[in-house]
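User: Please take a close look at one helix of this model and at what surrounds it, and then place that part within the chain as a whole.

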Amino acid sequence: MPPHKISLVQEDGKTFADLNTLFPWPHHPRGIANKDFIRLKAQILQLGEYKPLLIEDNGTILGGRTRYLAYQEIGMKRAWVSIVFPKTDEDRIRYLLSDNDSFAYWEEQDLADLLSKYQKIELKDYKVNVSPSISIEQLLAKFGPGEEPPQGEKKKKVLVCPKCGYKIGSEDE
């Protein structure tokens, strides 16, 4: 990455950076639907900043890119940051994956019981992932490069229903 000057301030044991000196890592593969981005901005306005952005010392954002975009849209001027020092793109990917990893899972019944006790929480403002997470190996097996069929043969594509596991085979044209 080219040298880039970022503006940092220490306050109450935290490090803050001016948003205009930060920029997302250009290879970041996550996206967000507009309706979810609106929910994110609302949550930030309600709850404030409770988690730092993960940045390099040149201002590259590796974790919290979507929050950064939300901060900009709601007019924030600076963000709480944690600085990491990756040496390679592989290290950057490790930070990105770790920052977004799903380690824990929701105890669905316990969560439903808890939420039913608190009627003042706007439940439409939140989503939870109750599906099991998949490993990177499973992701690459599903979407990654595979063996190409011999010349002239059509590649067989198999679709699997995520709920019941029913397999549907089709040929790519």
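Analyst: A good place to begin is a backbone feature: in this predicted model, glycine 75 adopts a positive phi of about 90 degrees, at a position just after helix H2. Helix H2 itself covers residues 65-73, and its buried residues are Arg65, Thr66, Arg67, Tyr68, Ala70 and Tyr71. An α-helix has 3.6 residues a turn, so residues three or four places apart point the same way. The buried residues of H2 pack against several elements, namely strand E3 (23-24), helix H1, strand E4 (53-56), strand E5 (60-63) and strand E6 (78-84).

Of these partners, H1 deserves a closer view, and glutamine 43 offers a way in, since this residue lies in helix H1, which spans residues 34-47. Glutamine 43 has a relative accessibility of 16% and therefore counts as buried, the cut-off being under 20%. Apart from neighbours within four places in sequence, glutamine 43 is in contact with Gly48, Asp125 and Tyr126.

Tyr126 leads on to the surface, where it belongs to a nonpolar patch formed together with Leu47, Tyr50, Leu114, Tyr118, Ile121 and Leu123, the patch having about 720 Å² of accessible area together. Within this patch, tyrosine 118 is found in the loop between H4 and helix H5 (136-143). Tyrosine 118 has a relative accessible area of 48%, and is therefore classed as partly exposed, because the exposed class requires over 50%.

Helix H4, which runs over residues 108-116, contains aspartate 110. Aspartate 110 is also one of the residues of a negative surface patch, which is made up of Glu107, Glu108, Asp110 and Asp113.

For the chain as a whole, the secondary structure amounts to five helices and eight strands, and the order of the elements from the N terminus is β-β-β-α-β-β-α-β-α-α-α-β-β. Of the 173 residues in the chain, 24% are buried, while the accessible surface comes to about 13,200 Å², with 54% of it belonging to carbon and sulfur atoms. Finally, when contacts between residues at least 6 apart in sequence are considered, 66% of them join residues at least 24 apart.

Notes:
Residues numbered from 1 in each chain as written. Predicted model: local features only at pLDDT ≥ 70, side-chain atom pairs only at ≥ 80, totals over all residues. Heavy atoms only, no water. Helix = DSSP H or I, 4+ residues; strand = E, 2+ residues; numbered from the N terminus. Buried < 20%, exposed > 50% of the residue type's maximum accessible area, 1.4 Å probe, protein only. Contact = heavy atoms within 4.5 Å. Patch = residues over 30% accessible without salt bridge, like charges linked within 9 Å, V, L, I, M, F, W, Y side chains within 5 Å. Areas by Shrake-Rupley, 256 points an atom, 1.4 Å probe, with all protein chains shown as cover. Salt bridge = Lys/Arg side-chain N within 4 Å of Asp/Glu carboxyl O. Lys, Arg positive; Asp, Glu negative; His and termini not counted. Charge placed at Lys NZ, Arg CZ, Asp CG, Glu CD.
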